[in-house]
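Visitor: I would like to learn how to read the overall form and the surface of a model such as this one. Where should we begin?

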Amino acid sequence: LDELGLPSGHFVTALIGFNVGVELGQLAVVVLAFLLVGRFWEHDRYRRYVVIPASSAIALVGLYWAVTRIFF
């Protein structure tokens, strides 16, 4: 964590602030994603054109990471 430039004298408060910032960033991404696709949630084509391709892309990235970490 020293590489991140956290002040050593205030390590606990800096670490908590860093973690809160990360969580707020994740929350912002989720809210933005919900705003972008939330209005299409109830359309019939939402599952075919959004859910299945996005889930497939996530699965492929996860499979790639697993294979590279196990075998390389």
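Guide: We shall go from the fold to the overall dimensions, and then to the surface.

Visitor: How many helices and strands are there in the protein chain?

Guide: This is a predicted model, and in it the protein chain has 2 helices and 0 strands. Helix α1 takes in residues 11–37.

Visitor: What radius of gyration does the protein chain have, and what would a compact globule of 72 residues have?

Guide: The protein chain has a radius of gyration of 19 Å, whereas a compact globule of 72 residues would have one near 11 Å. Along the principal axes, the C-alpha atoms fill a box of roughly 55 × 40 × 10 Å, and 4% of the 72 residues count as buried.

Visitor: Which residues make the nonpolar surface patch?

Guide: F11, V12, I16, V20, L24, L27, V31, F34, L35 and W41 make this patch of about 1000 Å². For the protein chain as a whole, the accessible surface comes to about 6600 Å², and 70% of that belongs to carbon and sulfur atoms.

Visitor: Is L35, in helix α1, buried or exposed?

Guide: L35 counts as exposed because its relative accessible area is 59%, the cut-off for exposed being over 50%.

Visitor: How far apart do the centres of the positive and negative side chains lie?

Guide: There are 5 positive and 5 negative side chains in the protein chain, and the centres of these two sets are 19 Å apart.

Definitions and conventions: Residues numbered from 1 in each chain as written. Predicted model: local features only at pLDDT ≥ 70, side-chain atom pairs only at ≥ 80, totals over all residues. Heavy atoms only, no water. Patch = residues over 30% accessible without salt bridge, like charges linked within 9 Å, V, L, I, M, F, W, Y side chains within 5 Å. Areas by Shrake-Rupley, 256 points an atom, 1.4 Å probe, with all protein chains shown as cover. Salt bridge = Lys/Arg side-chain N within 4 Å of Asp/Glu carboxyl O. Helix = DSSP H or I, 4+ residues; strand = E, 2+ residues; numbered from the N terminus. Buried < 20%, exposed > 50% of the residue type's maximum accessible area, 1.4 Å probe, protein only. Rg over C-alpha atoms; globule rule 2.2 N^0.38 Å. Lys, Arg positive; Asp, Glu negative; His and termini not counted. Charge placed at Lys NZ, Arg CZ, Asp CG, Glu CD.
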